[in-house]
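User: Could you zoom in on one part of this protein for me and walk me through what sits around it? I'm in my first year, so plain words please.

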Number of protein chains: 2
Amino acid sequence: MASIKCFSASCWTILVARRISPSTFTPSLLGSVPNSQVITKALLHQDVTAPSCSVDQKKNFLLKTPKGTHDVDPKQMTIREKVFSIILKSFKRHGAEGIDTPVFELKETLTGKYGEDSKLIYDLKDQGGEQLSLRYDLTVPFARYLAMNKISHIKRYQISKVYRRDNPGRGRYREFYQCVNDRRLLYGILATCGVPDDKFRTVSTVIDKMDKISWDKVRREMIEEKDLSPEIVDRLGEYIRLNGGLAVLEHLCNDSLVSQNTMAMEALSDLKLLHSYLEIFGVADKVTFDLGLARGLDYYTGVIYEAVLLRGPEEPHNVPDNDTDKIAGFGSIAAGGRYDDLVGMFDSKGRKVPCVGISIGIERILSMAERKAEESFKNIRTTETQVLVASAQPHYLEERMRLITALWSSGIKAEMLHKKNPKLLSQLQYCEKTGIPLVAIIGEQELRDGVVKLRDVTTREEVNIPREDLIKEIQKRTS
Amino acid sequence: MASIKCFSASCWTILVARRISPSTFTPSLLGSVPNSQVITKALLHQDVTAPSCSVDQKKNFLLKTPKGTHDVDPKQMTIREKVFSIILKSFKRHGAEGIDTPVFELKETLTGKYGEDSKLIYDLKDQGGEQLSLRYDLTVPFARYLAMNKISHIKRYQISKVYRRDNPGRGRYREFYQCVNDRRLLYGILATCGVPDDKFRTVSTVIDKMDKISWDKVRREMIEEKDLSPEIVDRLGEYIRLNGGLAVLEHLCNDSLVSQNTMAMEALSDLKLLHSYLEIFGVADKVTFDLGLARGLDYYTGVIYEAVLLRGPEEPHNVPDNDTDKIAGFGSIAAGGRYDDLVGMFDSKGRKVPCVGISIGIERILSMAERKAEESFKNIRTTETQVLVASAQPHYLEERMRLITALWSSGIKAEMLHKKNPKLLSQLQYCEKTGIPLVAIIGEQELRDGVVKLRDVTTREEVNIPREDLIKEIQKRTS
């Protein structure tokens with residue numbers, strides 16, 4: 001009990017989830033909006049239903065991306081690269097290895113792994129050959145990979161897109177905390193309260209909605225749709241609405257009903273151990289035990305958790321007019337849990353490989369990062385170009401090409417305008433627009449003197465630098 | 001004529017092409033082979049048809065990836081990351097911006113862009129809503145993106161997977177060269193030789209096979225399947241089998257037939273200009289003008305090119321038994337060209353955005369890099385872990401957790417075994433296996449003295465380091 005048992009295969013993944021609705025079009029705040037100007041506008045006007053497509057009257061087709069998907073423009077891409085690099089650094093700091101799997105799997109590989117969510121899987125058309133589906137998450141392909149390669153110990157990460165025919169969520173988030181529960185505890189409580197075994201999964205699916213809709217609605221759904229008696233549901237409500245720190249676990253350990261359920265007590269003991277480890281790692285204050293956390297997917301067998309972003313205090317409440325539920329502004333940005341039986345489902349001898357992992361839903365983090373960048377009005381550079389090779393005089397195209405070749409060979413990030421005789425003003429404006437800090441200017445005089453005029457775009461200072469010192473000077477100024 | 005005209009939208013892309021056959025299973029050398037041990041075996045035995053899947057007798061399903069696809073294991077992933085980072089650095093050195101587009105597009109977006117290759121497009125099943133297809137390349141989605149966002153000037157790169165229901169090629173390559181031709185020159189020559197206008201595209205498709213099958217076969221296909229007279233085909237053969245440097249261009253300029261064709265002469269003039277630029281860039285010796293280069297895709301309008309890896313001299317010829325053609329060992333690893341009309345196809349007013357670009361077929365480069373790594377027997381590290389936190393004594397799990405938390409907080413890449421009481425030998429063996437250079441050992445004595453025993457895995461030297469100096473010492477030794 002004193003070790004994190006069975007942590008033999010752990011994983012971190014970044015899902016770039018594309019939640020896509022098959023019938024309605026409710027784009028996320030950044031839905032299919034192609035560039036930051038448009039994003040700003042959409043944010044200002046709360047114009048979240050405006051489709052970012054244009055009907056081509058003449059050619060009679062819609063110029064758009066598929067519903068629920070969007071292009072990533074260079075500004076968003078720059079933010080994306082930064083966020084990915086932070087996450088990747090964290091994975092590597094903890095000794096994780098990367099893997100990759102195909103975007104689609106055999107349909108049967110995905111069958112029977114996702115419960116009610118299975119209807120959201122994208123199938124490929126039968127064009128002869130195998131029946132294929134786009135991956136719905138990275139966990140099932142990972143389990144297939146472990147079974148196929150008979151791997152029992154690995155710490156892996158994977159950064160890949162997954163595909164779901166779902167309605168996109170939206171939300172704005174700040175600071176975050178984590179929720180933890182254990183499937184065994186939940187099932188133990190369900191048993192304790194008198195929910196029949198064969199209804200555990202379907203009732204869990206309803207419980208999973210508790211972060212989105214009110215308890216009253218959850219209660220009604222359990223009674224009316226899941227056919228539970230009001231007494232059972234109310235007893236259940238007393239437990240699954242609990243959340244808090246170590247005290248909640250202690251409270252349950254002493255509960256006359258729960259303490260008689262072996263499965264629940266096992267879970268509580270493991271959660272208390274987990275809490276002691278969280279204290280060592282210095283993150284116990286970031287974690288709440290939430291008895292109402294259920295997670296929809298079928299394959300979890302033990303501890304389950306979600307990382308949730310809380311709305312910052314300056315953030316206005318944003319409750320949709322027609323709904324008083326607590327949906328707006330909150331959302332999970334990472335989630336996961338233990339799935340000890342999934343690999344065994346792919347193994348011919350049913351050998352178990354216990355696994356635990358977390359997936360980061362990167363799109364929500366990105367939309368927050370993008371909003372932040374917009375708010376601060378900071379100009380995001382989408383290139384890393386250090387210097388523009390320019391000329392004030394005509395007929396210097398080939399000289400510019402010669403100089404830029406030398407710069408590129410030395411690893412300097414350099415650009416030049418492709419025009420034959422661009423005006424000096426156009427060249428300087430290009431630098432200001434794209435954030436290039438330096439201009440290397442050549443002309444008749446400079447060539448004769450064996451120098452390059454190096455201009456600082458911000459201060460407008462110009463200095464003649466001997467050609468042989470140019471690379472060193474650019475490196476010095478841009479390091 | 002003295003500028004690279006119309007280079008207003010240029011692009012570089014990395015395609016991670018999945019060429020997949022709908023009916024036959026001919027995996028590439030690295031096809032679906034899951035790890036490097038198996039790869040080595042497959043290479044040694046030329047066992048390229050062995051399917052890397054296992055039939056699960058008991059559960060009655062195939063444990064495999066879809067045909068023509070493969071997982072990427074941590075070793076391959078490490079090589080992949082290195083290759084990507086080299087390419088990305090090159091994109092950024094030239095001032096390119098990144099974008100991303102969805103993995104699927106509206107089916108109609110892809111319709112009519114690929115000629116005969118269209119049959120290789122993957123369609124998604126109709127599950128209600130829009131008709132979707134997986135992207136076949138990155139060029140058509142890029143053109144759609146430009147038209148949708150009314151962008152006329154961009155240097156973009158994109159690193160993404162594309163999907164083709166094709167037979168995977170195979171081959172081993174070394175040093176490479178580039179071929180250049182111009183669609184206008186090719187079409188000019190076709191016209192000059194008497195090929196009717198309406199056969200230009202279909203004849204180009206046959207010419208495109210000249211790097212894979214012999215001239216005799218190409219000739220026969222033109223006569224028997226494309227219905228050209230032997231005289232026309234033989235005249236054509238004199239031209240399209242030409243290749244070489246500037247001299248070839250001069251030769252054609254002086255050719256009595258070609259010099260009368262305006263389109264061909266325009267192309268020749270542009271190619272000569274291109275050659276002068278290649279000289280300035282110092283790469284003219286890497287480029288051959290190849291009059292037989294046609295490229296299959298419909299959308300090219302001007303210059304077209306391929307980068308081809310040549311077999312190294314030490315490489316054995318590897319001609320399939322049943323084919324004396326020149327297929328084996330050669331292959332294109334990058335290709336592209338000018339497509340001035342594609343964006344206009346998406347624009348309501350037909351506004352043209354001239355584009356030129358290149359796609360790198362990264363899978364072949366990777367298979368070569370992987371082979372190279374195998375050959376040199378070099379151990380590829382799949383993690384970057386600097387130090388393993390270990391203990392020689394039992395009951396130090398929590399102390400190890402405390403120490404590793406401190407290391408992680410300082411940005412040190414650290415691991416520990418998750419077992420409660422691992423043996424010191426297991427911990428040292430783990431370091432040797434995974435290439436971790438340092439071990440930080442704690443026990444009763446070390447805790448009492450406020451030190452950590454730092455062990456160099458290679459030399460086996462051990463030094464006691466005061467706990468407050470540990471981070472600096474690890475950074476010093478692993479920088």
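Analyst: Let's go to A:Arg295, which lies in the loop between strand S10 (287-290) and S11 of chain A. One thing to keep in mind as you look: this is a predicted model. According to UniProt, in an unreviewed entry, A:Arg295 belongs to a feature called "binding site". The other positions in that record are A:Asp137, A:Leu138, A:Thr139, A:Arg164, A:Gln178, A:Tyr299 and A:Tyr300.

Is A:Arg295 buried or exposed? Its relative accessibility is 15%, so A:Arg295 counts as buried, given that the cut-off for buried is under 20%. Now for its neighbours. Leaving aside residues up to four places away in sequence, A:Arg295 touches A:Arg183, A:Asp208, A:Tyr300, A:Ile304, A:Tyr305, A:Glu306, A:Ala335 and A:Gly336. One of these, A:Tyr300, also appears in the UniProt "binding site" list.

Next, follow the chain into S11(A), which spans residues 303-309. Seven of its seven residues are buried, and that goes for both faces. On one side you'll find A:Val303, A:Tyr305, A:Ala307 and A:Leu309, and on the other A:Ile304, A:Glu306 and A:Val308. So who is S11(A) paired with? Its partner is strand S12 (residues 331-338) of chain A: the two run antiparallel and are joined by six bridges. For one spot to find on screen, try A:Leu309, whose bridge partner in S12(A) is A:Gly331.

On the other side of the loop is S10, and S10 takes us to a helix. S10 is among the elements covering the buried residues of H8(A), along with helix H5 (183-192), helix H6 (200-207), helix H7 (215-224) and helix H9 (246-253). H8 itself covers residues 230-240, and its buried residues are A:Ile232, A:Val233, A:Leu236, A:Gly237, A:Tyr239 and A:Ile240. Those residues sit on the same side of H8(A), because they cover an arc of only 160° around the axis. Turn to the face pointing away from that buried side and you meet the exposed residues A:Glu231 and A:Glu238.

Finally, zoom back out. Chain A has 16 helices and 18 strands, and 54% of its 479 residues are buried. There's a second copy as well: a rotation of 180° with 0.0 Å of shift along its axis superposes chain A on chain B, with an RMSD of 0.1 Å. That is the relation of a two-fold axis. The same surface serves both copies, with 100% of the contact residues of chain A recurring in chain B.

Note on methods. Residues are numbered from 1 along each chain as its sequence is written. Chains are lettered from A and ligands numbered from 1 in the order in which they are written. This is a predicted model: local features need pLDDT of at least 70, side-chain atom pairs count only at pLDDT 80 or more; totals for chains, interfaces and linings use all residues. Side-chain values use heavy atoms; hydrogens and water are left out. Copies are superposed by least squares on the C-alpha atoms of residues with pLDDT of at least 70 in both. Contact means heavy atoms within 4.5 Å. Buried means under 20% relative accessible area, exposed over 50%, partly exposed in between (1.4 Å probe, protein chains only). Helices (H or I, at least four residues) and strands (E, at least two) are DSSP runs, numbered from the N terminus. Two strands pair if DSSP finds at least two bridges between them. UniProt positions are given in the numbering used here, feature names are shortened, and annotations may be inferred rather than shown by experiment. The arc is that of the directions from the helix axis to the C-beta atoms.
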